[in-house]
Structures are given as structure tokens and as C-alpha cells.
Amino acid sequence: MIKIKTEEEIEILRENAILVSKTLAEVGKAIAPGVTTKRLDEIAETFIRDHGAVPGFLNYGGFPYTLCISVNDTVVHGFPSGYCLKEGDIVSVDCGTIYKGFNGDSAYTFAVGEIDPETAKLLEVTKKSLYLGAQQAVAGNRIGDIGFAIQRYCEENGFSVVRELVGHGIGKRLHESPEIPNYGRAGQGKKLHEGMVICIEPMINAGVKDIYLEDNGWDVRTADGKKSAHFEFMVAIRKGAPDILTTFEYIENK
């Protein structure tokens with residue numbers, strides 16, 4: 001069942017989205033060669049709790065950390081660990097909060113030092129596809145319009161779209177209906193209505209679209225070992241134009 005949010009609920013969701021944005025910016029300041037991904041997780045948990053919220057991912061479905069930290073060929077749901085980041089790595093940081101009874105959820109893929117041109121293109125294309133998808137997130141459009149915009153742009157640039165993992169609705173629960181695939185056909189799927197709040201999150205691979213699940217039951221990796229990028233933000237559905245609740249300004253103006 002798709003839950004339509006009141007204006008008051010959308011504003012609480014916006015507060016969560018902004019707190020996640022600020023948390024990702026705080027984590028981003030620490031990303032550098034030699035830093036462990038476990039250290040990034042500690043920074044995020046402290047920052048979230050210091051701002052009166054709790055980590056949304058911690059113990060969610062048994063996930064044991066505050067952040068999903070996915071390096072290079074890990075698509076999503078990577079465990080923070082003792083791994084030391086290296087020059088040329090990319091690292092997707094996915095973060096959630098719970099504040100005033102509602103959830104926030106956003107992800108950003110960071111470059112560690114200097115990265116090669118093809119990897120830089122992967123990050124640029126994936127992030128732009130997120131905004132292209134969001135342009136379609138308006139009342140009266142359909143879910144397929146979002147996925148079609150993302151898929152077309154990424155494939156035109158030589159990258160592939162993960163099929164098994166999708167965006168989602170968000171509210172009092174982290175994952176609500178509907179699912180928001182990053183591929184699809186324009187004009188197909190459920191209609192978008194004013195007051196829906198969704199997470200759009202393209203997961204785009206440099207190589208093949210195929211993925212596999214690690215033995216720990218969480219880490220999702222590319223089948224060919226090539227890199228993957230992931231960006232995510234929260235959008236409230238309005239008439240005429242999307243209301244993007246998340247901002248990357250704190251990250252990119254650091």
C-alpha cells in the first residue's frame with residue numbers, strides 16, 4: 001500500500017534528508033587514502049546521535065552498522081571494516097536516520113584521491129542520471145518514466161543498470177511501496193501521486209549489469225569485478241516539478 005504524506009510529514013522527512021546530507025558531508029571530509037571504512041562508520045554514528053537522531057540502518061534487518069560502505073566493485077550493502085582506502089578507489093556511502101518517527105536515506109559515491117578518467121565518467125553519469133530520473137518524479141507521470149530516463153542516459157554512455165536492486169518509498173518505514181527500478185519503459189508502471197515520497201537510487205556498473213551476493217548475505221558485487229557507482233536522494237512528488245528533499249551541497253561545498 002502506498003502511503004500519501006501530509007505536508008507536516010514531508011517536512012519531517014525533509015529534516016531527516018538534510019541530516020543524512022550533513023552526515024555524508026562529515027564522512028566525506030574524512031575520506032582519504034589510509035582511512036579505514038570502519039572509521040567512517042564511527043564518524044557517522046557519532047554525528048547522527050549528536051544531532052538527536054538514531055542511525056536508521058543499524059540493526060535494520062540484522063545489518064550491524066550505521067553505514068553501508070561499498071568500495072569499487074561492491075555495488076551496495078558493504079560492511080564497514082578494517083579495509084584502508086587506497087588512492088584511486090571509489091566508495092559508495094549509504095546512510096539512514098530515524099528522527100521524529102520518520103526515516104532519511106541517501107547515498108553518495110566518493111572518489112579517494114585521484115581516479116582514472118573512465119571511473120570519473122562513471123560517477124558523473126550515475127549522478128546525472130539521478131537528476132534525470134528525478135525530473136520525471138512528478139504527479140501524473142509513472143514509475144517507468146523515472147527508470148526509462150535513468151536507463152537511457154546510462155546505457156547511452158556505455159554503462160549498465162543493475163536490475164535486482166531498486167529504489168523505494170520512504171516514511172515511517174525505511175522501505176515502503178512502491179519499488180522504483182532504475183530501468184523501464186516510459187508510460188508504464190504505477191502512477192505517481194502528489195504526497196508520495198520516494199528514494200531514487202541508480203546503481204550503475206562500469207561493466208556488465210550482473211551481480212552476485214557475498215557469503216555474508218549482504219555485500220552485493222559486480223559479476224565481472226568492474227566498479228559500480230551509487231547515488232540516492234529523497235523526492236516528494238508534487239505537481240509540475242519534483243521536490244528534492246536531499247541536497248548534495250553540504251558534500252560538494254565542503
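With which residues is Ile200 in contact, leaving aside its neighbours within four places in sequence? In this predicted model, the contacts of Ile200 are with Leu130, Gly133, Ala134, Ala137, Ile146, Ile150, Phe231, Glu232, Phe233 and Val235. Ile200 belongs to the largest nonpolar core, which has 51 residues, and is listed with Val27, Ile31, Val91, Val93, Ile146 and Ile198 among those with the most contacts inside that core. Another core, of 16 residues, lies apart from the largest one and includes Tyr65, Phe102, Cys199 and Ala236.

Strand S9, which comprises residues 197-200, is joined by 4 bridges to strand S14, residues 233-236, and the two strands run antiparallel; within this pairing, Val197 stands opposite Ala236 of S14. Both strands are part of an open sheet of 5 strands, ordered S8-S7-S9-S14-S15, in which the pairing is antiparallel. Because strand S8 (176-180) and strand S15 (243-244) each have a single partner strand, they stand at the edges of the sheet, and one side of each is left without a neighbour in it.

Two helices lie across strands of this 5-stranded sheet. Helix H3 lies across S9, S14 and S15 and runs at about 15° to S14, whereas helix H4, formed by residues 143-156, lies across S8 and S9 and runs at about 40° to S8. With 19 residues (117-135), H3 should span 27 Å at 1.5 Å a residue, and the distance of 27 Å between its end C-alpha atoms agrees with this expectation. At the start of H3, the backbone nitrogen of Glu118 has a side-chain oxygen of Asp116 within 3.1 Å. The buried residues of the helix are Thr119, Leu122, Leu123, Val125, Thr126, Ser129, Leu130, Gly133 and Ala134, and three of these names, Leu130, Gly133 and Ala134, recur among the contacts of Ile200.

A further pairing involves strand S2, residues 67-71, in which 5 of the 5 residues are buried, so that the strand is largely enclosed by the rest of the structure. In a regular strand, side chains alternate between the two faces of the sheet. Both faces of S2 are covered, with Leu67, Ile69 and Val71 buried on one side and Cys68 and Ser70 buried on the other. S2 runs antiparallel to S4, to which it is joined by 5 bridges, and the bridge partner of Ile69 in S4 is Val93, a residue also listed among those with the most contacts inside the largest nonpolar core.

Pro80 is located in the loop between S3 and strand S4 (90-99). At 2% relative accessibility, this proline counts as buried, because the cut-off for that class is under 20%. Residues up to four places away in sequence not being counted, Pro80 touches Thr37, Lys38, Asp41, Tyr65, Leu67 and Ile69; Leu67 and Ile69 are buried on one side of S2. The C-alpha atom of Pro80 is separated by 33 Å from that of Phe148, which is 68 residues apart from it along the chain.

Strand S3 itself takes part in an open sheet of 3 strands, in the order S3-S12-S11 and with antiparallel pairing. The edge strands of this sheet are S3 (74-76) and S11 (211-213), each of which pairs on one side only, and neighbouring strands are turned by 40° against each other on average, direction ignored. The antiparallel pairing of S3 with strand S12 (residues 220-222) extends over 2 bridges, and Thr74 stands opposite Arg221 in S12.

Terms used. Residues numbered from 1 in each chain as written. Predicted model: local features only at pLDDT ≥ 70, side-chain atom pairs only at ≥ 80, totals over all residues. Heavy atoms only, no water. Expected span 1.5 Å × (residues − 1). Buried < 20%, exposed > 50% of the residue type's maximum accessible area, 1.4 Å probe, protein only. Polar contact = N/O pair within 3.5 Å; in protein donor to acceptor, adjacent residues only side chain to side chain. Pairing = 2+ DSSP bridges. Axes fitted to C-alpha atoms, helices over the stretch in contact; angles between N-to-C directions. Contact = heavy atoms within 4.5 Å. Core = buried A, V, L, I, M, F, W, Y, C linked by side-chain atoms within 4.5 Å.
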